[in-house]
Amino acid sequence: MKAWIYSEYGGVDVLKLKFDVPLPEPADDQVLIKVVAAALNPIDFKRRLGLLKAIDSPLPIVPGYDVAGVVVKVGAKVKEIKVGDEVYGDIIEKALDGPKQDGTLAEYTVAEEKLLALKPENLDFRQAAALPLAVETAYEGLERAGFSEGKSILVLGGAGGVGSFVIQLAKHVFGASKVAATSSTTKLELLKSLGADLAIDYTKDNFEDLPTNSILFTMLLDKPIGR
């Protein structure tokens with residue numbers, strides 16, 4: 001099968017498109033996925049640079065954590081997912097602890113059933129592939145910070161991948177009383193559409209200089225987790 005692969009750590013030039021990579025075989029608790037879309041995250045380039053070398057799997061490595069695709073084979077112990085299902089997920093359970101050698105930037109990849117979910121019908125494959133790791137990072141960041149219903153939060157970089165999910169989760173899942181977020185001028189309406197009560201243009205305003213009655217923050221979230 002075709003796959004992007006690197007056999008040494010370094011810049012983007014170490015990535016090579018190979019046409020003879022062996023097709024992965026799913027274990028009993030895994031499924032084989034025909035990849036339709038995959039997403040890259042900051043952790044992917046950090047890993048490629050060798051920053052995770054101490055805990056990484058052996059080279060060569062096929063990068064990619066996030067995937068959306070169609071199941072073409074299931075292991076003997078897979079219970080719910082079946083061949084033909086459209087699924088999505090983050091196939092590497094522990095991003096910073098021995099990540100898998102075979103990632104998602106390939107024609108096919110394998111993943112444990114527990115790491116996948118059925119793709120929502122209202123999302124296309126590209127949209128679904130963009131979700132898993134960013135949502136996990138946002139949710140885990142809020143959990144680690146002890147965020148809970150009734151609290152307020154300021155999200156720096158609210159228009160980014162993780163930041164946009166922090167706004168939505170804080171407002172619509174955790175029950176934030178108020179959500180404020182920063183972005184550039186052109187992204188302010190996006191922040192409001194995601195649920196931000198106060199959208200701050202960081203090119204014009206310093207949030208530290210805003211009137212204290214604009215919003216009372218019990219938490220400031222900036223880069224929740226280093227993924």
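Accessible area here is the Shrake-Rupley area with a 1.4 Å probe. I kept that in mind while going through this chain, which is a predicted model.

**Entry 1: the whole chain**

By that method I get about 11,900 Å² exposed for the chain, and carbon and sulfur atoms supply 53% of it. The chain has 227 residues, of which 45% count as buried. I looked up the secondary structure and found 5 helices and 11 strands. Along the principal axes, the C-alpha atoms fill a box of roughly 60 × 40 × 30 Å. I also checked contacts with a separation of 6 or more: residues 24 or more positions apart account for 70% of them.

**Entry 2: β3 and β6**

I turned to strand β6, residues 108-112, and found it mostly covered, with 4 of its 5 residues buried. Its partner in this entry is strand β3, residues 30-39; the two run antiparallel and are joined by 5 bridges. To place the pairing I noted one position: Tyr108 in β6 has Lys34 opposite.

**Entry 3: helix α3**

I compared the length of α3, residues 132-144, with expectation. Its 13 residues at 1.5 Å each should span 18 Å, and the end C-alpha atoms are 18 Å apart, so the two agree. The buried residues I listed for α3 include Pro132, Leu133 and Ala134, then Thr137 and Ala138, and further along Gly141 and Leu142. After the helix comes Gly146, with a positive phi near 75 degrees.

**Entry 4: β8, α4 and β9**

Strand β8 covers residues 152-155, and I asked which way its side chains go. Ser152 and Leu154 point one way, Ile153 and Val155 the other, and all are buried. β8 runs parallel to β9, with 4 bridges between them. In that pairing Val155 stands opposite Ala181 of β9. From β8 the chain crosses through helix α4, residues 161-172, to β9, and I record this β-α-β crossover as right-handed.

**Entry 5: Thr182**

Thr182 is a residue of strand β9, residues 178-183. Is Thr182 buried or exposed? Its relative accessibility is 6%, and buried means under 20%, so Thr182 counts as buried.

I then listed what Thr182 touches, leaving out residues up to four places away in sequence. The list has Leu154, Val155, Leu156, Gly157, Gly158 and Ala159, together with Leu191, Ile200 and Tyr202. Two of these, Leu154 and Val155, are the β8 residues noted above as pointing opposite ways. For Gly157 I also looked up a polar pair: its backbone nitrogen lies 3.0 Å from a polar atom of the Thr182 side chain.

Conventions
Residues numbered from 1 in each chain as written. Predicted model: local features only at pLDDT ≥ 70, side-chain atom pairs only at ≥ 80, totals over all residues. Heavy atoms only, no water. Expected span 1.5 Å × (residues − 1). Buried < 20%, exposed > 50% of the residue type's maximum accessible area, 1.4 Å probe, protein only. Pairing = 2+ DSSP bridges. Polar contact = N/O pair within 3.5 Å; in protein donor to acceptor, adjacent residues only side chain to side chain. Contact = heavy atoms within 4.5 Å. Right-handed = clockwise from strand over helix to strand, strands pointing away.
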